[in-house]
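These are my notebook entries on one structure. I record below what I looked up in it, entry by entry.

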Amino acid sequence: FESIHSKFAPYIHQQKAFDRLNGNDGQSTIIATGTGSGKTECFLYPILEYCYKHRGERGIKALIIYPMNALASDQAKRIAEIIYNSPELRGNVNVGMYVGGITDHDTMLNRVPDILMTNYKMLDYLLVRPKDAVLWQDNTPETLKYIAVDELHTFDGAQGTDLACLLRRLKARLFTPAGYLCCV
């Protein structure tokens, strides 16, 4: 990665994920490994690198969906540290979190993030409320490249069906070409 400066060599599963996800032709990937084994880095590093390489291009380039606001908040701190500690990323890649009460909605609408962290319920609101249309106004059919669903196994039953329908609506709204998105 040009913009990520990790102190550690990647684990084998991380390197395999990097190989699949990195670049303009990333392949959709499921990452299944134990707790604390670096699953987040598997998708986060390629997403940050993609955003860095497409810096200056407006619109949401990556969407990360979390099942719980606490997990999103924890990951937001981690992502902020990575961006702050990278001279390439700092000032070139921004992240917005929209999970309800802990979000500054107006700030996010005034400066649309490269990476949007949210939960499926708030994403639903961002697709239906007219005041939130500004969030998507700069997205062309090929702006959104990545959708990562953290803790995918928690989206089962009706919630899993809701998420699947929501992602189909998002793709239709943005006119995303078939096979273009890299899903994690």
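Entry 1. Terms and model.

I take helices to be DSSP runs of H or I with at least four residues, numbered from the N terminus. I note at the outset that the model is predicted.

Entry 2. The largest pocket.

I looked up which helices each supply at least two residues of the lining of the largest pocket. They are helix H1 (12-21), helix H2 (39-53) and helix H3 (69-84). Of the elements, H3 gives the most to this lining, with 3 residues. The lining of the largest pocket consists of 21 residues. His5, Ser6, Lys7, Phe8 and Tyr45 are those that lie nearest the centre of the pocket. I sorted the lining by class and recorded 9 nonpolar, 8 polar and 4 charged residues. For the volume of the largest pocket I wrote down about 620 Å³.

Entry 3. The second largest pocket.

I then turned to the second largest pocket, whose volume is about 370 Å³. It is lined by 15 residues, and Ile30, Ile31, Val149, Leu152 and Val184 are the closest to its centre. Two elements give two or more residues to this lining, namely H2 and strand S4 (146-149). By class, I entered 9 nonpolar, 3 polar and 3 charged residues for the lining of the second largest pocket.

Entry 4. Aromatic rings.

How many aromatic pairs does the count come to? I recorded 5 aromatic pairs, where two rings pair if their centres lie within 6.5 Å. One of them joins Phe1 and Phe18, edge-to-face, at 4.9 Å centre to centre and with 80° between the planes. Phe1 lies in the segment before H1 and Phe18 in helix H1, so this pair ties together parts that are 17 residues apart in sequence.

I also looked up whether these two residues are buried or exposed. Phe18 is buried, with a relative accessible area of 8%. Phe1 has 36% relative accessibility and therefore counts as partly exposed, since that class lies between the cut-offs of 20% and 50%.

Phe1 forms a further aromatic pair with Tyr45, again edge-to-face, at 6.0 Å centre to centre and with 85° between the planes. This pair links distant parts of the chain, as Phe1 is in the segment before H1 and Tyr45 is in helix H2, 44 residues away. Tyr45 has a relative accessible area of 13%, so it is buried. I noted that Phe1, Phe18 and Tyr45 form one aromatic cluster. Tyr45 is also among the residues nearest the centre of the largest pocket.

Entry 5. Charges over rings.

I looked for charged side-chain ends placed over rings. The charged end of Arg55 sits over the ring of Tyr52, at 4.0 Å from the ring centre. Likewise, the charged end of Arg90 sits over the ring of Tyr84, at 4.9 Å from the ring centre.

Entry 6. The strands.

I followed the pairing of strand S3 (residues 115-118). Strand S1 (residues 62-65) pairs with S3 in the parallel sense over 4 bridges. Strand S2 (residues 95-98) also pairs with S3 in the parallel sense, over 4 bridges. Which residues stand opposite Leu116 in S3? They include Leu63 and Gly96.

S1 also pairs with S4, in the parallel sense and over 4 bridges. Within S1, Ile64 stands opposite Met117 in S3 and opposite Ala148 in S4.

I next looked up the directions of the side chains. In a regular strand the side chains alternate between the two faces of the sheet. From S3, Ile115 and Met117 point one way, while Leu116 and Thr118 point the other way. From S1, Ala62 and Ile64 point one way, while Leu63 and Ile65 point the other way. I recorded all four of these residues in S3 as buried, and all four in S1 as buried.

Entry 7. A loop residue.

Finally, I looked up Val134, which lies in the loop between helix H5 (120-128) and S4. Val134 has a relative accessible area of 29%, so it is partly exposed. Between the C-alpha atoms of Val134 and Ala70 I noted a separation of 27 Å, the two residues being 64 residues apart along the chain.

Notes. Residues are numbered from 1 along each chain as its sequence is written. This is a predicted model: local features need pLDDT of at least 70, side-chain atom pairs count only at pLDDT 80 or more; totals for chains, interfaces and linings use all residues. Side-chain values use heavy atoms; hydrogens and water are left out. On a 1 Å grid over the protein atoms alone, a cavity is a set of points where a 1.4 Å probe fits but cannot get out, and a pocket is an open set with protein on both sides within 12 Å along at least five of seven lines; lining residues have an atom within 4 Å of a point. Grid points are joined across faces, edges and corners, and a volume is the space filled by probe spheres set on the points. Ala, Val, Leu, Ile, Met, Phe, Trp, Tyr, Cys and Pro count as nonpolar, Asp, Glu, Lys and Arg as charged, and the others, Gly among them, as polar. Rings of Phe, Tyr and Trp (its six-membered ring) pair if their centres lie within 6.5 Å; planes under 30 degrees apart count as stacked, over 60 as edge-to-face and the rest as tilted. Buried means under 20% relative accessible area, exposed over 50%, partly exposed in between (1.4 Å probe, protein chains only). A charge sits over a ring if NZ of Lys or CZ of Arg is within 6 Å of the ring centre and within 35 degrees of the ring normal. Two strands pair if DSSP finds at least two bridges between them.
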